[in-house]
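Dear colleague,

Please find below the structure that I am handing over to you, together with its sequence. My notes on what was found in it follow directly after.

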Amino acid sequence: MGEHYLNAGTFSFGFYMDDLDVPSVLDQGVWAHWTVTFTSTTLARTVHKNGVQIGADTAGGQLDLGTANVQIGARPVSGNVGSVAIDKLSAYLRVLSSAEIASLHASQVTAISGAIVSFNF
């Protein structure tokens, strides 16, 4: 699994050859709040930019975090590395609602209640 830009206009929420690719402008030097979600019971995936959902689909199968590599800003298969800077990262054991994601963006807090990990860089 990984999140990164493909070329200069597509954000990819990758699931090893089963990616959710979303056209999006990468504004160089402009901070953006990105959120990706995955619901294991329905296989639903979403991508939010600055609190607004910009893409969604259904994955072809489950995400196996027991054996999968998780990479942010890189494409594991090709070795492509995005030119991004990350200032905060949080992970949850539940899917955040669109309202929670919008609230995170608006308040620019690191995490909301229930985060299993939260990092400031």
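Read from the start of the sequence to its end, the protein runs through the pattern β-β-β-β-β-β-β-β-α-β. That gives one helix and nine strands. Please keep in mind that the model is predicted. Its mean pLDDT is 80, and 82% of the residues reach a score of at least 70. Confidence varies between the elements: strand β1 (residues 2-6) has the lowest mean pLDDT, 52, while strand β6 (residues 52-58) has the highest, 94.

Some overall values come next. The protein has 121 residues, and 29% of them count as buried. Its accessible surface comes to about 7200 Å², with 56% of that area belonging to carbon and sulfur atoms. Among the contacts with a separation of 6 or more, 42% are made by residues 24 or more positions apart.

Salt bridges

How many salt bridges does the structure hold? There are three. In one of them, the side chains of Asp18 and Arg45 meet at 3.6 Å, N to O. This pair links distant parts of the chain, since Asp18 sits in the loop between β2 and β3 (20-23) and Arg45 in strand β5, 27 residues apart.

Arg45 also forms a salt bridge with Asp57, where the closest N and O atoms are 2.9 Å apart. Here too, distant parts of the chain are linked: Arg45 belongs to strand β5 and Asp57 to strand β6, with the two residues twelve apart.

Is Arg45 buried or exposed? Its relative accessibility is 0%, so Arg45 counts as buried. Its two partners are classed as follows. Asp18 has a relative accessibility of 24% and therefore counts as partly exposed. Asp57, at 25%, also counts as partly exposed.

The remaining salt bridge joins Glu100 and Arg94, with the closest N and O atoms 2.9 Å apart. Glu100 is partly exposed at 23% relative accessibility, and Arg94 is partly exposed at 39%. As for shared partners, the salt bridges join Asp18, Arg45 and Asp57 into one network.

The aromatic pair

A pair of aromatic rings is described by the distance of the centres and the angle of the planes. A search of the whole structure finds one such pair. Why is the pair of Phe11 and Trp34 called stacked? The ring centres of Phe11 and Trp34 lie 4.2 Å apart and the planes stand at 5 degrees; planes under 30 degrees apart count as stacked, so the pair falls into that class.

The two residues come from distant parts of the chain: Phe11 lies in strand β2 (residues 10-14) and Trp34 in strand β4 (residues 34-39), 23 residues apart. Phe11 has a relative accessibility of 6% and so counts as buried. Trp34, with a relative accessible area of 26%, is partly exposed.

A buried lysine

Trp34 also appears in the surroundings of Lys49. Lys49 lies in strand β5 (residues 44-49). Why does Lys49 count as buried? Its relative accessibility is 14%, and buried means under 20%, so Lys49 meets the cut-off. Which residues is Lys49 in contact with, leaving aside its neighbours within four places in sequence? They are Ser24, Val25, Asp27, Ala32, His33, Trp34 and Ile54.

The nonpolar patch

On the surface, a nonpolar patch of about 840 Å² is made by Val70, Ile72, Ile86, Leu89, Leu93, Ile116, Val117, Phe119 and Phe121. Which strand contributes the largest share of the patch? It is strand β9 (residues 115-120), with three residues.

One member of the patch, Leu93, lies in the loop between β8 (88-92) and α1 (98-107). With a relative accessible area of 74%, Leu93 is exposed.

When you view the model, you may wish to begin with Arg45, which is buried and takes part in the network with Asp18 and Asp57. The stacked rings of Phe11 and Trp34 could follow, and then the nonpolar patch to which Leu93 belongs.

With kind regards

Methods:
Residues are numbered from 1 along each chain as its sequence is written. Side-chain values use heavy atoms; hydrogens and water are left out. Rings of Phe, Tyr and Trp (its six-membered ring) pair if their centres lie within 6.5 Å; planes under 30 degrees apart count as stacked, over 60 as edge-to-face and the rest as tilted. Helices (H or I, at least four residues) and strands (E, at least two) are DSSP runs, numbered from the N terminus. Buried means under 20% relative accessible area, exposed over 50%, partly exposed in between (1.4 Å probe, protein chains only). Contact means heavy atoms within 4.5 Å. Patches are made of residues with over 30% relative accessible area and no salt bridge: like charges are joined within 9 Å, nonpolar side chains (Val, Leu, Ile, Met, Phe, Trp, Tyr) within 5 Å. Accessible areas come from the Shrake-Rupley method with a 1.4 Å probe; for residues, only the protein chains shown count as cover. A salt bridge is a side-chain nitrogen of Lys or Arg within 4 Å of a carboxyl oxygen of Asp or Glu. pLDDT is the predictor's confidence in each residue, from 0 to 100.
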